[in-house]
Amino acid sequence: MPHVLVLNASYEPLGVVSMRRALILVLNHKAIALEDAGTTLHSATSAVPAPSVVKLTRFVRVPYRGPVPLTRRALFARDHGRCVYCGAAATSVDHVIPRSRGGQHRWDNVVAACRRCNHTKADRHLADLGWRMKRPPAAPSGLAWRVIGTGIKDPRWRPYLEPYGGLDQFRDFEHHDHTELPPAVPSPVRTRPVRRGEQHAPLSA
Ligand SMILES: [Zn+2]
């Protein structure tokens, strides 16, 4: 079942709910559909277009918004699903300052990484390896991250979320939803790590 983006009456993104929950909001006149999902939902007595984006009819005051929760999904979204060291598809979470050396599990110390870089780096510091990052990791900000952080994506949400931050991440929507990921691009700041045995392939298996 697809999910539905919920906007405040002020158009501020509030979060993502199930289709069922969104329909209840619309049927009870608590929300109006701004964007259809392109399908129709049938009940015993009626048929309604399935919404993709709904807006609350009354403004809801949201008292406090803490930092974006650090989850694997949110982290991969921040780093575009790419290894920050080499640009290959990310498969793991790396602590820049290794946990064994006192590094913390915080937005400014975690990055998405491929298995190979993670394995090569192990419990060493970047300086030990001569590796650099294009920019230091930081916590994402902007209300759109309430939605990006869930990892749930729908290209129809893009125009409603773009004004609230995370613009780069929305470009990823198209890649993930409609095409295969592009081939890995080697990072210009560092050459790809060369594994032992790679330069001299065995002549026979
Ligand atoms: Zn890598």
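Of the 205 residues in this chain, 26% count as buried; the model behind that figure is a predicted one. The chain has 7 helices and 6 strands, and reading along the sequence gives the pattern β-β-α-β-β-α-β-β-α-α-α-α-α. Contacts often reach far along the chain: of those between residues at least 6 apart in sequence, 58% join residues at least 24 apart.

Helix α1, covering residues 19-27, is a good place to start looking. Its buried residues are Ala22, Leu23 and Leu25. These cover an arc of only 160 degrees around the axis, so they sit on the same side of α1. On the face turned away from that buried side are the exposed residues Arg20 and Leu27. As for what the buried residues of α1 pack against, the partners are the strands β1 (3-7), β2 (13-18), β3 (31-42) and β4 (47-56). Just after the helix comes His29, with a positive phi of about 60 degrees.

Then there is the largest nonpolar core, with 36 residues, where Leu5, Cys83 and Ala113 touch the most other members. The elements giving two or more residues to this core are β1, α1, β4, α2 (72-78), β6 (110-113), α5 (145-148) and α6 (158-161). Because domain 1 (3-56) and domain 2 (72-129) both give residues to the core, it lies between them.

Leu5 deserves a look of its own. Leaving out residues up to four places away in sequence, Leu5 touches Pro13, Val16, Ser52 and Val53, along with Val147, Asp154, Trp157 and Tyr160.

How values were computed. Residues are numbered from 1 along each chain as its sequence is written. This is a predicted model: local features need pLDDT of at least 70, side-chain atom pairs count only at pLDDT 80 or more; totals for chains, interfaces and linings use all residues. A residue is buried if 20 or more other C-beta atoms lie within 10 Å of its own, exposed if 12 or fewer, and partly exposed in between; C-beta atoms are placed from the backbone. Helices (H or I, at least four residues) and strands (E, at least two) are DSSP runs, numbered from the N terminus. The arc is that of the directions from the helix axis to the C-beta atoms. Two residues are in contact if their C-beta atoms, placed from the backbone, lie within 7 Å. A nonpolar core is a set of buried Ala, Val, Leu, Ile, Met, Phe, Trp, Tyr and Cys residues joined through C-beta atoms within 7 Å. Domain bounds come from an automatic or database domain assignment.
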